[in-house]
Amino acid sequence: MNLSFIHIASLVISLSFALWLSINAGKKVKSAEDYSVGGRSAGASMVAGGLLGTAVGGAATVGTAQMAFDNGFVALWFTLGCTAGFIIQGLFYANRLLRTKLTTVPEFLVLNFGKHAGPVASIIASAGIFFSVVTSMITATHLNVFLFHLSIPVAMGFVIVAALALIYFGGIGGSGLAGLFKMFLLFLAVGVAGVSSFVDMGGISGMQASFSSNYLSLQLGKNIATLCGMVVGVLCTQTYIQVVFSASNNNRAVLGACLAGVACAPIGLAGALVGMFMKLRHPDIVPINALPLYLVNYLPEWLAGLGLAALILSVTGSIAGLALGISTMLSNDIYARFFKVCDSLKILRANRLLMVAVLVGSAIFSYSQLNSLVLFWNYLSMGLRAAGIFVPFTVALFFPRRVQPAYGVAAMVIGTLIYFASDLIFPWKNAIASSVLVTTLICVIGWDRKTNS
């Protein structure tokens with residue numbers, strides 16, 4: 001696939017504007033708190049932009065089209081899970097989170113389960129988020145190889161530089177602004193692509209005539225665990241909670257989270273429709289290229305350029321936001337705690353350096369997984385976060401200090417181990433359900449009835 005001058009001009013202008021937004025946001029960063037939670041001054045639109053800037057990445061766009069190409073509408077579960085997760089987070093979690101005035105999930109768990117909870121939670125949560133970085137790294141690498149005919153190492157280097165440009169200077173504020181601009185481009189280009197695909201397939205009747213009923217079904221019975229895993233993964237993910245912490249008040253946090261949830265589902269549906277259209281018309285293509293191929297071949301050149309810019313921003317913005325979540329936990333909960341660092345500028349410097357390390361590490365890991373299904377890594381990521389963190393975190397949020405510290409820490413560790421050993425232990429072979437069940441039982445056993453809530 002060769003891009004025209006109009007394709008490239010439209011793409012470059014869009015990317016340049018997004019980078020300008022992010023770098024300009026860096027002028028407001030004077031401390032680690034400004035960088036990590038935007039000085040706690042974000043309005044609803046910035047909260048929504050920050051959530052969408054990370055959530056709507058390679059999995060929600062290119063990955064959804066790829067999975068829909070092979071499996072149909074079951075590809076929608078990722079974005080539907082994000083939708084449900086953000087709305088629940090806004091309505092039930094945001095107010096309690098904002099009251100804490102904290103920055104990271106491990107900080108909150110330390111308050112409830114003691115100092116040993118911090119490193120455990122940081123390691124588990126960071127490992128889980130890392131696989132989401134891998135998801136978008138794989139997608140971004142394929143996209144850059146496909147669009148610009150780069151070698152794989154060069155494409156990965158380009159991704160790292162682009163992700164750093166989006167987040168390194170501006171932090172959470174830069175991520176939010178770039179996220180809002182990206183969503184505008186996605187609704188404009190990918191939205192048009194989804195509608196056009198639906199019409200060209202002959203609408204509902206045409207799709208029913210072309211595809212099997214199984215292909216057109218969400219298969220709820222088989223995928224309810226996937227949906228639940230996505231929801232609980234969203235609710236305890238540092239990157240998303242960090243955005244909620246950036247809100248200036250509860251109302252803005254609630255509105256921003258709900259807006260983000262509502263915006264996720266249409267993008268997933270549009271991507272799925274494009275993937276299904278390409279399966280019908282071009283069954284021999286490499287599935288991961290379905291969405292960019294459609295944009296270039298079926299949309300006006302200027303609009304295709306905007307769409308390609310949106311895809312690049314989606315994958316790099318997601319990588320940047322997720323890397324920021326990991327580096328914030330590692331700098332605040334590992335570096336600052338163990339080395340007893342209180343200087344805000346030193347923590348800020350460590351945050352940025354750790355972010356570079358996370359990006360390089362994810363590129364090295366992704367290199368050996370370039371031909372894998374990208375949504376696999378995202379579901380693994382969400383499941384790993386949910387397994388050890390969700391129940392202790394939720395119990396501590398709604399029933400503070402009611403579970404004895406040793407049991408809270410044990411729930412995190414054992415829940416994570418159960419996630420990997422579930423197929424060997426439990427007959428239903430559902431890793432997330434098994435982990436949630438075991439962590440809930442541990443917290444019930446460790447419930448301290450003498451403590452007032």
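**Patch, crossing and single residues: a walk through the model**

Let me begin at the surface, where V195, F198, V199 and I204 together make a nonpolar patch of about 370 Å². What we are looking at is a predicted model, and I will keep to what can be computed from its atoms. The element that gives the most to this nonpolar patch is helix α9, which spans residues 171-200 and supplies 3 residues. V195 is found in that helix, α9, and because its relative accessibility is 52%, and the cut-off for exposed is over 50%, V195 counts as exposed.

From the surface I turn to the packing of helices. In general, two packed helices are described by the angle between their axes and by the distance between those axes. For helix α5, residues 77-100, and helix α12, residues 238-245, the axes come within 9 Å and cross at roughly 65°, and the crossing of α5 and α12 is right-handed. On the α5 side the contact is made by F86, Q89, A94, L97, L98 and T100, while α12 brings Y240, I241, V244 and F245.

Following the chain out of α5, we come to K101, whose place is in the loop between α5 and α6, the latter being residues 105-113. What is the sign of phi at K101? The value is positive, near 60°, in a residue that is not glycine. As a general matter, most residues other than glycine have a negative phi. K101 counts as exposed, because its relative accessibility is 59%.

A second residue belongs in this part of the talk, namely R401, which lies in the loop between α17, residues 374-398, and α18, residues 405-425. R401 also has a positive phi, of about 60°, although it is not a glycine. With a relative accessible area of 49%, R401 is classed as partly exposed, so it falls in the class between buried, under 20%, and exposed, over 50%.

Since we have arrived at α18, let me add L417, which is found in that helix and is exposed, with a relative accessible area of 55%. The C-alpha atoms of L417 and A387 are separated by 8.5 Å, with their positions 30 residues apart along the chain.

Next, I would like to take three buried residues in turn. S136 is found in helix α7, residues 117-148, and at 2% relative accessibility it counts as buried. Which residues does S136 touch, not counting those up to four places away in sequence? The partners are G57, G58, V315, S318 and I319.

S366, in turn, is found in helix α16, residues 344-367, and its relative accessibility is 0%, which is why S366 counts as buried. If residues up to four places away in sequence are set aside, S366 touches V134, M137, I138 and M156.

The third of these is G229, which lies in helix α11 and counts as buried because its relative accessibility is 2%. Leaving aside neighbours within four places in sequence, the residues in contact with G229 are M382, A386 and I432. G229 and F420 are 191 residues apart in sequence, and from C-alpha to C-alpha they are 14 Å apart in space.

I will finish with L216, which lies in the loop between α10, residues 203-210, and α11, residues 220-235. Is L216 buried, partly exposed or exposed? At 22% relative accessibility, L216 counts as partly exposed, because the class of buried residues is limited to those under 20%. With neighbours within four places in sequence left out, L216 is in contact with F73, M207, Q208, F211 and M276. For one of these partners, M276, we also have a spacing: the C-alpha atoms of L216 and M276 are separated by 9.5 Å, and the two residues are 60 residues apart along the chain.

How values were computed. Residues numbered from 1 in each chain as written. Predicted model: local features only at pLDDT ≥ 70, side-chain atom pairs only at ≥ 80, totals over all residues. Heavy atoms only, no water. Patch = residues over 30% accessible without salt bridge, like charges linked within 9 Å, V, L, I, M, F, W, Y side chains within 5 Å. Areas by Shrake-Rupley, 256 points an atom, 1.4 Å probe, with all protein chains shown as cover. Salt bridge = Lys/Arg side-chain N within 4 Å of Asp/Glu carboxyl O. Helix = DSSP H or I, 4+ residues; strand = E, 2+ residues; numbered from the N terminus. Buried < 20%, exposed > 50% of the residue type's maximum accessible area, 1.4 Å probe, protein only. Axes fitted to C-alpha atoms, helices over the stretch in contact; angles between N-to-C directions. Left-handed = near helix turned anticlockwise from the far one by under 90°. Contact = heavy atoms within 4.5 Å.
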